[in-house]
Amino acid sequence: MAVVWGERHHGHHLAPLQAAHESIDWRPEVPRTDRVRVKEHTCDCRATFYELCQAGGLMFVRRTHRRRGAVIVHESPWARSRQVEELWLRLLIGSAR
């Protein structure tokens, strides 16, 4: 896939939420470090989008919700890479939200 300048790059789209799904322990965003690396993201064409983030040797998922001009940001618990990468996959396939 070639990227053309001026075109918007879309991220992943989430699969529909499964009936039996895990509830993620979303917490208010707390600035813990000056730098956060976004490794992957879902498409921001929806009101709520997600980012797989890494900082300080740990990873977390950031959830951003836009509604009527307000932006609300939450984070999953910060944990080791493998745990959060597995959570990210569950989020993408609809078995966690």
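Is E86 buried, partly exposed or exposed? In this predicted model, E86 has a relative accessibility of 38% and therefore counts as partly exposed. Its salt-bridge partner is R82, and the closest N and O atoms of the two residues lie 3.2 Å apart. R82 is exposed, with a relative accessible area of 64%. Both residues belong to helix α1, where a spacing of four residues means that they are separated by about one helical turn.

The bridge between E86 and R82 is one of five salt bridges in the structure. Another involves R90, which pairs with E22 at 2.7 Å between the closest N and O atoms. This pair links distant parts of the chain, for R90 lies in helix α1 (residues 81-93), whereas E22 lies in the segment before β1 (27-28), 68 residues away. R90 counts as partly exposed because its relative accessibility is 28%. E22 is likewise assigned to the partly exposed class, at 31%.

A further salt bridge joins R62 to E29, with 3.7 Å between the closest N and O atoms. R62 is in strand β4 (residues 58-67) and E29 is in the loop between β1 and β2 (37-41), so the pair ties together parts of the chain that are 33 residues apart in sequence. What is the burial state of each partner? R62 has a relative accessibility of 15% and so counts as buried, the cut-off for that class being under 20%. E29, at 38%, counts as partly exposed. The pair also belongs to a wider arrangement, since salt bridges with shared partners join E29, E51 and R62 into one network.

The surroundings of R62 can be described through its contacts. Beyond residues up to four places away in sequence, R62 touches E29, V36, V38, F49, Y50, E51, C53, V73, H74 and E75. Two of the residues in this list, E29 and E51, are the network partners named above. V73, another residue that R62 touches, is located in strand β5 (residues 70-75). V73 counts as buried because its relative accessibility is 19%. With neighbours within four places in sequence left aside, V73 is in contact with P28, E29, R62, R63 and T64. E29 is thus listed among the contacts of V73 and among those of R62. Although V73 and R63 are ten residues apart in sequence, their C-alpha atoms are 5.6 Å apart in space.

The account now turns to the nonpolar interior. Which residues have the most contacts inside the largest nonpolar core? This core has 13 residues, and those with the most contacts inside it are I24, Y50, L52, V61, V84, W88 and L91. The elements that contribute two or more residues to the core are β3 (48-55), β4 and α1. Helix α1 gives the most, with five residues.

L91 offers a view of the packing around one of these core residues. Not counting residues up to four places away in sequence, L91 touches L14, I24, Y50, V61, A96 and R97. Of these contacts, I24, Y50 and V61 are also named among the core residues with the most contacts. Y50 appears in the contact list of R62 as well.

Helix α1 therefore recurs throughout this description: it holds the E86 and R82 pair, it carries R90, the partner of E22, and it gives the most residues to the largest nonpolar core.

Methods:
Residues are numbered from 1 along each chain as its sequence is written. This is a predicted model: local features need pLDDT of at least 70, side-chain atom pairs count only at pLDDT 80 or more; totals for chains, interfaces and linings use all residues. Side-chain values use heavy atoms; hydrogens and water are left out. A salt bridge is a side-chain nitrogen of Lys or Arg within 4 Å of a carboxyl oxygen of Asp or Glu. Buried means under 20% relative accessible area, exposed over 50%, partly exposed in between (1.4 Å probe, protein chains only). A nonpolar core is a set of buried Ala, Val, Leu, Ile, Met, Phe, Trp, Tyr and Cys residues joined through side-chain atoms within 4.5 Å. Contact means heavy atoms within 4.5 Å.
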